[in-house]
Amino acid sequence: MVLLFLITAIGFLVLPASADAITDAVQVANNVYVSNYTIDPAVLFTGDTATATFYVTNGNANQSVMVNHATFGDNDILLTSGTYDTNVNIGPLQTRSFVFSIGTQRSAGTYYPSFSMSFVSGNGMYSRTPVKVDNTPLVMTIANKPDAFTQGVKEPISVQVSNPRNNDVKNVIFQATGDDATLMPSQTYIGYLAAGTSTLVNFTVTPDSPTTLFLNVDYGNGDNDHTINTTLPILFTTDKMQADPVMSNIVIALNNGTYDVTGDVTNAGLSNANGVTVTSGSPAMPQDPQKNYVIGTLKPDDFGSFEVTFTSPDSTTSVPLQLTYKDNDGNIITSIQNIDLTQAKTQTGSQPSMVPSLVIVIIIVLGAGGYLYTKKRKNQ
């Protein structure tokens, strides 16, 4: 009976103490909370992986808490890293981070996986966190290009790269490639592109023949690599605004084996033709005094005359006249016009007749004599 009484008495003393301890543990746990979280990238593509970081704060001023078995994920957002199964101590007013790797194969939408952890003293905490999946890619558009491309002429092209996503992307790189064309620069590092913004990429192309440019943009959504691409056909057509120097009124003369060619150059285009030059091409051999002739700048509808001299091998019936000029970007443009040497007018090297000169002298002498005679008669 005495033993039974002692056990009963001890029970009444322990129960209140245990109840108080449980109540204190619950109160301590209630002051532990998720103070912040980040998901990088903030918005995933289907098939992407991300890093989720949760910051757990102990709001108790005097009590430490011991937690374990921290985890994050569900059937939609899969945990690809391990859980925190060892005891982790969070001191008074301290914050501890818990980092997880996650991934998903779900289609576009918003999912709510849970973050949870247990307290060693009992109970636990549970928090649902939204994770967005959006498969909208970056957008690449041709912002500016010439109306026409010409062989050997450098032309500027502008490409706009836009980010319509709700999250930032990084390591954005633009690249242009194509056969039979010189591209400057062929690659541009854009870097960081914020959500809802765009940037312009400028480069030049000098085509040697009709071709196709392949434009590519690589970028990182977090640590996930993505790419977009498009093509730009390069076709040779006539530029409606370009200069158009045309040779005309060509006259060919042959003097002692040397051809002397004169003519006019008229700019029939709508832009200035700069540094217009005319010379003869092979098999002609330019000779002094006019091996080549520089006309200079011709404005639209303006014209200038030229003269070139050359010799050519016997039996040559035609030679090319080469006309070159520069456009406003400094590109050198060349055109060729063949001339028929059989149409040359032969000039002789004989001395000019003295008759006209003698007639002039006689007229002057007679006029002077008549003047003197008339003056003498008046004096008499």
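Asn249 lies in strand S20, and in this predicted model its phi is near 55°, a positive value in a residue other than glycine. Asn249 counts as exposed because its relative accessibility is 56%, where the threshold for that class is over 50%. A second asparagine, Asn256, is placed in the loop between S20 and strand S21, which covers residues 258-267. Asn256 also has a positive phi, of about 55°, although it is not a glycine, and with a relative accessible area of 69% it is exposed.

Strand S20, residues 245-255, also takes part in the lining of the second largest pocket, where it is one of the elements that give two or more residues, together with strand S26 (318-326) and strand S27 (332-340). Of these, S27 gives the most to the lining, with 5 residues. The pocket holds about 200 Å³ of space and is lined by 15 residues, of which Asp244, Tyr325, Ile333, Thr334 and Ser335 lie nearest its centre. By residue class, this lining divides into 9 nonpolar, 5 polar and 1 charged.

The largest pocket has about 320 Å³ of space. Its lining is made of 18 residues, and those nearest the centre are Glu155, Asp239, Gln242, Asp327 and Asp329. This lining divides into 7 nonpolar, 6 polar and 5 charged residues.

Just ahead of S26 in the chain, the loop between strand S25 (303-311) and S26 contains Thr317. Thr317 is partly exposed, since its relative accessible area is 46% and that class lies between 20% and 50%. Leaving aside neighbours within four places in sequence, Thr317 is in contact with Ile339, Asp340, Leu341 and Thr342. For the last of these partners, the C-alpha atoms of Thr317 and Thr342 are 6.0 Å apart in space, while the two residues are 25 apart in sequence.

Another threonine, Thr277, lies in strand S22, residues 273-280. Thr277 counts as buried because its relative accessibility is 18%, and buried means under 20%. Not counting residues up to four places away in sequence, Thr277 touches Asn292, Tyr293, Val294, Gln322, Leu323 and Thr324. The loop between S22 and strand S23 (285-286) contains Pro283, which is joined to Ser282 by a cis peptide bond with omega of about 15°. A cis peptide bond also joins Asp40 and Pro41, with omega of about 0°; Pro41 is found in the loop between S1 and strand S2 (43-44).

Strand S1, residues 32-40, brings the reader to the largest nonpolar core, to which it gives two or more residues, as do helix H1 (2-30) and several strands, including S3 (49-58), S4 (65-73), S7 (95-103) and S9 (114-119). This core has 26 residues, and those with the most contacts inside it are Val56, Val67, Phe72, Phe98, Phe100, Phe115 and Met117. Apart from residues up to four places away in sequence, Met117 touches Val56, Val67, Asn68, His69, Ala70, Phe98, Gly124 and Met125.

Taken as a whole, the protein has 2 helices and 28 strands. Buried residues make up 33% of its 380 residues, and the accessible surface comes to about 22000 Å², of which 54% belongs to carbon and sulfur atoms. Among contacts between residues at least 6 apart in sequence, 62% join residues at least 24 apart.

Key:
Residues numbered from 1 in each chain as written. Predicted model: local features only at pLDDT ≥ 70, side-chain atom pairs only at ≥ 80, totals over all residues. Heavy atoms only, no water. Helix = DSSP H or I, 4+ residues; strand = E, 2+ residues; numbered from the N terminus. Buried < 20%, exposed > 50% of the residue type's maximum accessible area, 1.4 Å probe, protein only. Contact = heavy atoms within 4.5 Å. Areas by Shrake-Rupley, 256 points an atom, 1.4 Å probe, with all protein chains shown as cover. 1 Å grid on protein atoms, 1.4 Å probe; cavity = no way out; pocket = protein on both sides within 12 Å on 5 of 7 lines; lining within 4 Å. Points joined across faces, edges and corners; volume = space filled by probe spheres on them. Nonpolar A, V, L, I, M, F, W, Y, C, P; charged D, E, K, R; others polar. Core = buried A, V, L, I, M, F, W, Y, C linked by side-chain atoms within 4.5 Å.
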